[in-house]
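Good morning, and thank you for coming. I would ask you to look at the sequence and the structure together while I speak.

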Amino acid sequence: MENVRFFESIPDFFFELNQKNILDHLEEMTLFYHEGDKEDTVLLSTMLHGNETSGLFAIQKYLKNMMGMEGSPSFLILLGNPKAFHENKRLIPGQLDRNRIWQLHGGHRDHKLSKEVINKVVNYPLIFSVDIHNNTGKNPYFCCVNRLDRKTLGLASLFNADALFFEDPDNAFSTYIGRFCPSVTLECGMSGDDFGVEKAIKFFEESVNLSGPTEFQDKKFKNNVFKSFGKFKLKSSTSIRFIDRDSKEKLDPQGNVVAFFNDLEKFNLKILPKGEKLGYIFGDVGQVKTVSEFDEDLFDDLFLLNKNSELIVRDDFYAAMVTKDIEVAKADCFFYFLKKLNI
Ligand SMILES: [Zn+2]
């Protein structure tokens with residue numbers, strides 16, 4: 001069985017790694033260590049989802065510039081899934097979603113990999129941790145936090161973007177590592193977005209310059225903090241389509257059909273106002289399901305309305321991670337419902 005591989009220094013090939021050549025050098029989840037001037041250690045992780053490239057490029061570019069600079073901290077770099085990265089897939093058959101494996105119990109081999117990583121990294125004096133991701137839909141840049149203490153929010157403030165707060169799932173990497181040091185996840189737009197890479201590098205530079213959590217707590221978080229309170233779930237039997245808002249196309253109301261408007265991604269981290277039309281639904285309304293911490297039916301009534309097959313927003317809410325990727329929409333959800341927190 002393959003284990004987590006550990007490099008005690010950064011090998012030259014690290015800076016040349018890409019989706020094509022990665023399996024020439026790595027097989028499984030891999031940790032690299034770079035010893036800086038200080039023992040204080042920054043943990044940078046990426047590639048927990050194999051179809052996301054911004055994190056590796058940002059870390060390569062940043063480390064190359066930073067290595068050899070005086071007064072630098074040490075670094076641990078986690079590359080989460082070389083095999084899936086090579087195939088440009090979120091995960092490959094037989095694997096679990098590697099941003100959902102960070103927990104104390106679990107018998108899958110991916111849980112064993114996660115335990116190996118945790119057992120290793122906790123031996124270092126971690127000062128903060130950054131996990132880098134991309135989205136499948138068009139989202140503004142944003143970050144995720146799993147705690148609302150001043151150090152975590154101070155660290156998150158350096159990304160200059162809205163934050164999404166979640167505690168569930170509690171087995172995401174950043175949630176778990178947040179037990180040991182301030183921890184944040186950067187969502188750097190869609191894979192291949194150069195500006196997202198630059199934004200991550202700027203974040204590394206600023207957070208390392210601040211040199212530690214005590215300085216983070218003096219930073220004020222000035223953007224919005226959102227909390228997710230539900231998901232727009234779709235049954236796998238539902239036929240999903242995307243249509244233009246002014247489409248005259250005749251929809252075939254046979255079976256369970258949802259036709260969403262093409263432009264809904266523009267509402268990511270924005271308010272979906274009362275009366276806004278999302279598209280059309282045909283068939284059993286139960287095919288469009290919302291799940292929340294509240295009573296499901298009540299929730300349906302509160303936020304969404306089916307009026308003569310038109311899907312209409314009944315009361316204002318914020319949306320996140322609206323996706324036009326039908327596979328993702330069915331496997332996870334079409335979007336998340338958010339509320340704004342007063343912090
Ligand atoms: Zn991801």
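Is Gly255 buried or exposed? Please bear in mind, as we work towards the answer, that this is a predicted model. Let us first locate the residue: Gly255 sits in the loop that runs between strand β10, residues 239-243, and strand β11, residues 257-261. Around Gly255 there are 12 other C-beta atoms within 10 Å. A residue counts as exposed if that number is 12 or fewer, and therefore Gly255 is exposed. Gly255 also has a partner in space that the sequence alone would not show you: Thr238 is 17 residues away along the chain, yet the two C-alpha atoms are 8.1 Å apart.

Let me now turn to the protein chain as a whole. It contains 10 helices and 18 strands. Its radius of gyration is 21 Å, close to the 20 Å that the globule rule gives for 343 residues, so the chain is as compact as a globular protein of that length. Along the principal axes, its C-alpha atoms fill a box of roughly 65 × 45 × 35 Å. Of the 343 residues, 41% count as buried. If we take the contacts between residues at least 6 apart in sequence, 75% of them join residues at least 24 apart.

For a contrast with our loop residue, consider helix α5, residues 150-157. Seven of its eight residues are buried, so this helix is largely enclosed by the rest of the structure. The buried residues are Lys151, Thr152, Leu153, Gly154, Leu155, Ala156 and Ser157. What do they pack against? Their neighbours are the strands β5 (126-135), β6 (142-145), β7 (162-165) and β8 (183-190), together with the helices α7 and α8 (213-216).

Helix α7 brings me to my last topic. Two packed helices are described by the angle between their axes and the distance between the axes. Helix α2, residues 54-66, packs against helix α7, residues 194-210, at an angle of about 50°, and their axes are 9 Å apart. That angle makes α2 oblique to α7. The crossing of α2 past α7 is right-handed. On the α2 side, the contact is made by Ser54, Phe57, Ala58, Lys61 and Tyr62; on the α7 side, by Gly196, Val197, Ala200, Ile201 and Phe204. Sorted by class, this contact has seven nonpolar residues, two polar residues and one charged residue.

Thank you for your attention.

Definitions and conventions: Residues numbered from 1 in each chain as written. Predicted model: local features only at pLDDT ≥ 70, side-chain atom pairs only at ≥ 80, totals over all residues. Axes fitted to C-alpha atoms, helices over the stretch in contact; angles between N-to-C directions. Helix = DSSP H or I, 4+ residues; strand = E, 2+ residues; numbered from the N terminus. Parallel < 35°, antiparallel > 145°, perpendicular 65-115°, else oblique. Left-handed = near helix turned anticlockwise from the far one by under 90°. Contact = placed C-beta atoms within 7 Å. Nonpolar A, V, L, I, M, F, W, Y, C, P; charged D, E, K, R; others polar. Buried ≥ 20, exposed ≤ 12 C-beta atoms within 10 Å, placed from the backbone. Rg over C-alpha atoms; globule rule 2.2 N^0.38 Å.
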